[in-house]
Amino acid sequence: MKLLHYFTLVLLFIATSSYANVVGPGGGGVVWSLQCDGYLVKVPAGWILDNQLAARHGMDMFFLPTEAPRVLSTNMPVFAYVMPAVKVSNSGQKVTVQGMIDYAVQSYLKRDASTKVLVSVNDWGLDSKDRKVTLAQITAPTLGKFEAIAYDEDEQSIFEVALVAKSAELLAEKKDFLKQIVLSAKIIHNLGAKPPCPILPIGK
């Protein structure tokens with residue numbers, strides 16, 4: 001009964017969604033993997049979910065501080081995004097958290113040889129209890145990029161929740177974003193949806 005009640009709530013959550021361009025604090029949204037696994041989150045205080053900006057730049061879910069200008073730029077002081085992945089693709093290719101971390105680090109190393117990474121599990125209070133959350137802190141000082149990526153996974157999917165800042169101090173100041181996203185998140189499977197599975201923002 002609890003499982004049925006949970007999925008009833010999830011379906012209601014999706015069915016009552018609105019296609020807002022911008023969703024403010026307290027509202028929510030869902031991002032889908034290619035296999036239609038959903039990651040439902042609540043927008044943290046002090047942030048907005050900008051679906052128009054995300055779609056314009058080919059991103060899945062994009063967040064900005066409420067005071068930030070609504071423009072995607074390499075000079076943005078801080079922003080965040082969510083990207084989905086499945087552990088076994090339709091073609092049988094396997095994806096792991098370690099592989100995703102290695103890819104991210106190698107991408108940085110191509111542009112900044114001084115890049116370093118620190119990996120930990122359930123750090124920064126990212127303990128979702130029923131899921132494993134791996135935190136990768138990537139430092140690329142030459143680029144002026146400091147990124148913290150929470151890989152939130154269950155048995156089928158991995159959702160990459162990333163916070164990017166221009167300084168270590170700003171990253172530390174905004175790090176509660178990751179905790180609020182991960183602890184508010186619900187992962188859902190097998191709702192009978194077929195790709196494409198769009199972001200469905202939930203108005204406040």
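Q: Which residues point one way from β2, and which point the other way?
A: In a regular strand, side chains alternate between the two faces of the sheet. In this predicted model, residues are numbered from 1 along each chain as its sequence is written, and side-chain values use heavy atoms, with hydrogens and water left out. Local features need pLDDT of at least 70 and side-chain atom pairs count only at pLDDT 80 or more, while totals for chains, interfaces and linings use all residues. From β2, one way point Gly28, Val30 and Trp32, and the other way point Gly29 and Val31.

Q: How many residues of strand β2 are buried?
A: Strands (E, at least two residues) and helices (H or I, at least four) are DSSP runs numbered from the N terminus. Buried means under 20% relative accessible area, exposed over 50% and partly exposed in between, using a 1.4 Å probe and protein chains only. Strand β2 covers residues 28-32 and is mostly covered, with a buried count of five of five.

Q: In which sense do β2 and β3 pair?
A: Two strands pair if DSSP finds at least two bridges between them. Glycine 28 stands opposite lysine 42 in β3. Over five bridges, β2 and β3 pair in a sense that is antiparallel.

Q: Which residue in the turn between β2 and β3 has a positive phi?
A: The two strands form a hairpin with five residues between them. The residue is buried, with a relative accessible area of 3%. Its phi is near 60°, a positive value in a residue other than glycine, and its name is cysteine 36.

Q: Why is the pair of tyrosine 39 and phenylalanine 159 stacked or tilted?
A: Rings of Phe, Tyr and Trp (its six-membered ring) pair if their centres lie within 6.5 Å; planes under 30 degrees apart count as stacked, over 60 as edge-to-face and the rest as tilted. The structure holds four aromatic pairs. The rings of tyrosine 39 and phenylalanine 159 have centres 4.6 Å apart and planes at 15°, so this pair is stacked.

Q: How many residues apart in sequence are the parts that tyrosine 39 and phenylalanine 159 tie together?
A: Both tyrosine 39 and phenylalanine 159 are buried. Tyrosine 39 lies in strand β3 (residues 38-42) and phenylalanine 159 in strand β10 (residues 157-165), so the parts tied together are apart in sequence by 120 residues.

Q: What is the angle between the planes of tryptophan 47 and phenylalanine 177?
A: This pair links distant parts of the chain, with tryptophan 47 in strand β4 (residues 47-50) and phenylalanine 177 in helix α5 (residues 176-184). Trp47, Phe63 and Phe177 form one aromatic cluster. The pair of tryptophan 47 and phenylalanine 177 is tilted, 4.5 Å centre to centre, and the angle between the planes is 45°.

Q: Within what arc do the buried residues of α5 fall?
A: An α-helix has 3.6 residues a turn, so residues three or four places apart point the same way. In α5, the residues Phe177, Leu178, Ile181 and Val182 are buried. Seen down the axis, they line one face of the helix, because their arc (of the directions from the helix axis to the C-beta atoms) is 115°.

Q: Which residue lies over the face of tyrosine 108?
A: A charge sits over a ring if NZ of Lys or CZ of Arg is within 6 Å of the ring centre and within 35 degrees of the ring normal. Here the distance from the ring centre is 5.2 Å, and the residue over the face is arginine 111.
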